[in-house]
Amino acid sequence: LQDLSSLPAYRTRHRGHCTSIPEVADLLRKGHTVAMVRGRQEIGLHALGHRSVMGLTTNRTTLDRLRRLGSYTWFDYIPVIMPVEATPALFGRKVTSPHLSFAPTAKPAVCERLGVCLKDRSVATQTVTQSSDKWLHSLLRALGENPGFPVLINVPLRNGTLVNNINSAINILHHKNEIDYLVAENILFDK
């Protein structure tokens, strides 16, 4: 983030607070959408978890909100992110796709639950390992507990281009109805 050194001032001005993985997981379980601005910026068309808006695939309202935010039509892939160790249960085999490069075929029962499969049951998938992104991997694992589903919709956080500063991310939070919360590094902001 270009203005990372200003994060404490933004935290004070916009009433942010230090957050935790359990808190963010709880917000997502309740059907909220959470924008993420963490770490290094991604380059390319896809959000890879650092400049993203995420929500549960199993919540139809959340799915519709993120479909609108990403301008996805009924025939577009809606990208998802999951821990790599969850892929055998979802696809019948291990899938490694750290850069959202593959759209493997999901099991029929999984497609009913996911809500983002195309007619051929393919799913645009990004996988995360603990070594590639410990925080995001831990969040996904937390969502898979008690029993849960460790899969999130993962659409780009954009304002014309991918967001590279906290000020832009906070402005998007306050102007986009589809976004409920923002995590900037370890600080949680709400509207």
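**View A. Trp74 and Phe75, both out in the open.** Trp74 and Phe75 are each exposed, meaning over 50% relative accessible area, with buried under 20% and partly exposed in between (1.4 Å probe, protein chains only). This is a predicted model: local features need pLDDT of at least 70 and side-chain atom pairs 80 or more, while totals for chains, interfaces and linings use all residues. Residues are numbered from 1 along each chain as its sequence is written, and side-chain values use heavy atoms, leaving out hydrogens and water.

**View B. The buried side of helix 2.** Helix 2 spans residues 21-29, and its buried residues are Ile21, Val24, Ala25, Leu27 and Leu28. Helices (H or I, at least four residues) and strands (E, at least two) are DSSP runs, numbered from the N terminus. These buried residues sit on the same side of helix 2 because they cover an arc of only 160° around the axis, taking directions from the helix axis to the C-beta atoms. Among the elements covering them are strand 2 (34-37) and helix 6 (134-143), where contact means heavy atoms within 4.5 Å. Just past helix 2, Gly31 takes a positive phi of about 95°.

**View C. The open sheet and its edges.** Here 8 strands run in the order 1-10-9-2-3-6-4-5, with mixed pairing; two strands pair if DSSP finds at least two bridges between them. Strand 1 (17-18) and strand 5 (125-128) are at the edges with a single partner strand each, so one side of each has no neighbour in the sheet. Strand 2 and strand 9 pair in the parallel sense over 4 bridges, and Ala35 stands opposite Leu182 in strand 9.
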